[in-house]
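Okay, thanks for having me, everyone. Let me put the structure up on the screen, and then I'll walk you through the parts I'd look at.

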Amino acid sequence: MPPDAPSISLAWNDPATLDVEVSITNGSSMGTGTFSNYSVERSNDGGVSWSVVGSPTSSPFIDTTIIGQSDYRVTTVTNHGISNYSTTASINTIPWNTIT
């Protein structure tokens, strides 16, 4: 039995470098498996395409390769399966005062 979907929240880790902190909270059950890692995915086109940007074994995950509007989703991976995706969370690292 796979784990329940995790939940996520986003924050600028360091606005000077535009790093984004992806905080991950496990779902209510790990199912029947043992935790392995999370799979963090990012989309820069409104959720049309997704790329894995990290496979951390703990939270938070710091994404150092982001620019602009990005959407994130996460799964939990165990030896008995992969959870459903978390809800999607969005962040825009372009400060409002730099948009022309």
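Let's start at proline 60, which sits in the loop between strand 4 and strand 5, the latter being residues 61-63. Do have a look at the peptide bond leading into that proline from serine 59: it's cis, with omega near 5 degrees. As a bit of background, most peptide bonds are trans. Keep in mind that what you're seeing is a predicted model.

Now zoom out for a second. How many helices and strands does the protein have? Zero helices and eight strands. So if you read along the sequence, you just get β-β-β-β-β-β-β-β. The C-alpha atoms fill a box of roughly 50 × 25 × 20 Å along the principal axes. There are 100 residues, and 35% of them count as buried. And if you take the contacts with a separation of 6 or more, 57% of those come from residues 24 or more positions apart.

Okay, on to strand 3, where I'd like to spend some time. Strand 3 covers residues 35-43, and seven of its nine residues are buried, so call it mostly covered. Who does it pair with? On one hand there's strand 6, residues 69-78, running antiparallel to strand 3 over eight bridges. If you want one to click on, serine 39 has threonine 75 in strand 6 as its bridge partner. On the other hand there's strand 4, also antiparallel to strand 3, with three bridges joining the two. There, glutamate 41 stands opposite valine 52 in strand 4.

Stay with glutamate 41, please, and bring up arginine 73 as well. Arginine 73 is in strand 6. Is arginine 73 buried or exposed? Buried: its relative accessibility is 17%, and the cut-off for buried is under 20%. Glutamate 41 is buried too, with a relative accessible area of 10%. In general, side chains of opposite charge can pair when their charged atoms come close. Here, the side chains of arginine 73 and glutamate 41 meet in a salt bridge, at 2.8 Å from N to O. Because arginine 73 lies in strand 6 and glutamate 41 in strand 3, that pair ties together parts that are 32 residues apart in sequence.

Arginine 73 has another partner worth showing. Its side chain makes a polar contact of 3.4 Å with the side chain of tyrosine 85. On top of that, the charged end of arginine 73 sits over the ring of tyrosine 85, 3.7 Å from the ring's centre. If you colour everything arginine 73 touches, leaving out residues up to four places away in sequence, you'll light up several residues, including Ile8, Trp50, Ser86 and Thr88. And since we're talking about rings: searching the whole structure turns up one aromatic pair.

Next door in the sequence to glutamate 41 comes arginine 42, again in strand 3. How exposed is arginine 42? At 12% relative accessibility, arginine 42 counts as buried. Which residue does it form a salt bridge with? That's aspartate 63, and the closest N and O atoms are 2.5 Å apart. This pair links distant parts of the chain, with arginine 42 in strand 3 and aspartate 63 in strand 5, 21 residues apart. Both of those residues are buried. So you've now seen the salt bridges; the count for the structure comes to two.

Arginine 42 also makes a side-chain polar contact with threonine 65, at 3.0 Å. Beyond four places away in sequence, the residues that arginine 42 touches include Ser49, Trp50, Val53, Ile66 and Tyr72. You may notice Trp50 coming back: it's one of the residues touched by arginine 73, and one of those touched by arginine 42.

Last stop, the loop between strand 3 and strand 4, residues 51-54 being the latter, where you'll find glycine 46. After all those buried side chains, what about this residue: buried or exposed? Glycine 46 counts as exposed, because its relative accessibility is 65% and the cut-off for exposed is over 50%. Try putting a distance line from glycine 46 to threonine 32, C-alpha to C-alpha. They're 14 residues apart in sequence and 34 Å apart in space.

That's my tour, so feel free to grab the mouse and look around.

Note on methods
Residues numbered from 1 in each chain as written. Predicted model: local features only at pLDDT ≥ 70, side-chain atom pairs only at ≥ 80, totals over all residues. Heavy atoms only, no water. Helix = DSSP H or I, 4+ residues; strand = E, 2+ residues; numbered from the N terminus. Buried < 20%, exposed > 50% of the residue type's maximum accessible area, 1.4 Å probe, protein only. Pairing = 2+ DSSP bridges. Polar contact = N/O pair within 3.5 Å; in protein donor to acceptor, adjacent residues only side chain to side chain. Contact = heavy atoms within 4.5 Å. Phe/Tyr/Trp six-rings, centres within 6.5 Å; stacked < 30°, edge-to-face > 60°. Lys NZ or Arg CZ within 6 Å of the ring centre and 35° of its normal. Salt bridge = Lys/Arg side-chain N within 4 Å of Asp/Glu carboxyl O.
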